[in-house]
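Biologist: I would like to go through the ligand sites and one pocket of this model, and to hear the reasoning behind each label.

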Amino acid sequence: MTYKTQVGIIGAGPAGLLLSLLLHRQGIESVILEVQSRDAIEGTIKAGVLEHPTVELLKELGVGERMMKEGFEHHGIELAFGGKRHRIDLHELTGGKSIMVYPQHEVIKDLVGAVLANGTTIEFGVTEVSLHDVDGTQPTIRYKKDGAAGEVRCDFIGGCDGFHGPSRQAIPAAKRVEHLKVYPCGWFGILCEAPPSSDELIYAQSDRGFVLVSTRTPTIQRMYFQCDPTDNVNNWSEERIWAEFRARMANDDGWTLQEGPIFQKGIIAMRSFICETMQHGRLFLAGDSAHIVPPTGAKGLNLAAGDVVLLSKAIAGFYRHNAQAALDSYSTRAVQRVWRGEHFSWFMTSMLHDFEGEDTITRRFRRAQLDYVVNSRAAATSLAENYVGLPFEDMYA
Ligand code: APR
Ligand code: PHB
């Protein structure tokens with residue numbers, strides 16, 4: 001199969017699907033290539049927090065209906081430490097903004113439905129995806145599907161294929177500026193059948209390590225505890241998992257976690273990664289292909305959304321007015337918000353996790369920072385403004 005289109009998009013994650021919808025709204029065609037099956041991308045469990053700007057974007061694109069019905073709008077989060085819970089009132093501190101707890105795979109289902117309804121092709125289950133002539137004006141993407149060769153000829157390539165995809169590698173190594181930090185911990189995530197333990201997410205710091213209490217539905221809960229990244233889920237029985245949660249959540253208020261049968265367990269790595277070079281010729285990276293955050297700031301999907309808003313406008317300007325400046329400056333502009341999200345994710349991670357072998361001064365700094373954030377309106381406002389998400393454009397306007 002040979003496609004001729006305006007934008008060839010690699011990857012049907014949040015970045016690729018949103019890019020296609022944003023372009024379609026501007027009358028620009030795209031074709032999406034995805035290595036996985038539709039069932040696989042719609043079923044993979046990932047994080048679940050949508051920032052205020054992302055919620056507004058999904059509504060604006062006409063894909064927010066189910067989110068508004070089935071998602072949970074939260075006006076605050078809690079920080080737990082030293083045996084006490086402290087509320088950060090996101091809504092009040094940000095002039096009425098909030099976040100939405102709505103799982104990423106549900107977002108994916110809504111986006112795939114909308115992209116296909118636009119008549120846009122998504123080729124699922126492709127293999128051997130490679131990028132060619134990204135330096136020229138007619139780049140191509142080659143792939144195989146069911147053993148047959150395929151090609152997408154386009155004006156631009158959207159490299160939205162996640163951290164492990166081929167797009168970033170198509171930028172010559174000598175031109176790529178990259179930064180990586182690996183944290184010496186992972187997150188052990190579970191899904192369990194239980195009622196919610198709390199009306200809002202709880203980010204808890206303890207001497208045994210971090211805990212996050214999140215939710216999915218009134219009967220399914222999502223929780224995480226900080227673990228050794230090389231640990232194996234089979235080392236953790238249900239009883240051991242609950243004992244660890246209980247020990248880390250010990251408090252003075254007589255409050256306990258709602259426990260129930262665990263039906264999913266997994267360990268995720270914690271990294272900060274930024275490829276500052278988000279473009280090369282006619283290839284533009286967006287989302288996880290260019291940057292990864294540790295999940296503590298709940299920023300992954302939201303940073304991807306910010307990238308594609310800028311990219312779609314730059315591409316639209318090119319077709320409409322032959323404008324080149326917004327395309328040329330895409331990387332520089334996108335990376336500014338990425339660095340903000342990266343710093344916030346590092347800040348939350350450092351404030352809430354304990355790492356082996358740390359000196360006592362680092363531990364006391366952490367407690368001093370937590371005390372500051374829950375007691376100073378200025379510090380709480382800074383956390384809240386970052387958590388609900390800075391605007392996609394003109395971030396500091
Ligand atoms: N060819 C085509 N598609 C590919 C290839 C390839 N060679 N390699 C990977 N992909 C697909 C993946 O299967 C996945 O569906 O690209 C998609 C990338 O999606 P994500 O990894 O979800 O990345 P992105 O769209 O940037 O979304 C941002 O935010 O919450 C975080 O990590 C989380 O996925 C989330 C991300
Ligand atoms: C989740 O619900 O999976 C979740 C919530 C908040 C985070 C990370 C993950 O910071």
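Biologist: What makes the pair formed by an oxygen atom of ligand 1 and the side chain of K46 a polar contact?

Modeller: The model is predicted, and in it an oxygen atom of ligand 1 lies 2.9 Å from an N or O atom in the side chain of K46. A polar contact needs a pair of N or O atoms within 3.5 Å, so the pair with K46 qualifies.

Biologist: Which distances put the side chains of Q36 and D288 under that label?

Modeller: For Q36, a side-chain N or O atom is 2.8 Å from an oxygen atom of ligand 1. For D288, the corresponding distance is 2.6 Å. Each value is within 3.5 Å, so both pairs are polar contacts. Of the 710 Å² of accessible area that ligand 1 has on its own, the protein covers 85%.

Biologist: Which elements give two or more residues to the shell around ligand 1?

Modeller: They are α1 (14-25) and α8 (300-321). The largest share, three residues, comes from α8. In total 23 residues surround ligand 1, with E34, Q36, Q104, D288 and L301 the closest. By class, the shell holds eleven nonpolar, eight polar and four charged residues.

Biologist: Why is the backbone of P295 said to make a polar contact with ligand 2?

Modeller: A polar backbone atom of P295 is 2.8 Å from an oxygen atom of ligand 2. The cut-off is 3.5 Å, so this pair is a polar contact. Two side chains meet the cut-off as well: S214 with an N or O atom at 2.6 Å from a ligand 2 oxygen, and R216 with a polar atom at 2.8 Å from one.

Biologist: How do you know whether ligand 2 is buried or exposed?

Modeller: Taken alone, ligand 2 exposes 280 Å², and the protein buries 100% of that. Ligand 2 is therefore buried in the model. Around ligand 2 there are 14 residues, the closest being Y203, S214, R216, Y224 and P295. At least two residues of this shell come from each of β16 (211-215) and β17.

Biologist: What classes of residue line the second largest pocket?

Modeller: Its lining has five nonpolar, two polar and eight charged residues. The pocket has a volume of about 330 Å³. Among its 15 lining residues, Q226, C227, D228, D354 and E356 are the closest to the centre. Asp and Glu count as charged, so D228, D354 and E356 belong to that class. β14 (178-193), β17 (220-227) and α7 (238-248) each supply at least two lining residues.

Note on methods: Residues are numbered from 1 along each chain as its sequence is written. Chains are lettered from A and ligands numbered from 1 in the order in which they are written. This is a predicted model: local features need pLDDT of at least 70, side-chain atom pairs count only at pLDDT 80 or more; totals for chains, interfaces and linings use all residues. Side-chain values use heavy atoms; hydrogens and water are left out. A residue is near a molecule or strand if one of its heavy atoms lies within 4 Å of it. A polar contact is a pair of N or O atoms within 3.5 Å; within protein, one must be able to donate a hydrogen and the other to accept it, and residues adjacent in sequence count only if both atoms are side-chain atoms. Accessible areas come from the Shrake-Rupley method with a 1.4 Å probe; for residues, only the protein chains shown count as cover. Helices (H or I, at least four residues) and strands (E, at least two) are DSSP runs, numbered from the N terminus. On a 1 Å grid over the protein atoms alone, a cavity is a set of points where a 1.4 Å probe fits but cannot get out, and a pocket is an open set with protein on both sides within 12 Å along at least five of seven lines; lining residues have an atom within 4 Å of a point. Grid points are joined across faces, edges and corners, and a volume is the space filled by probe spheres set on the points.
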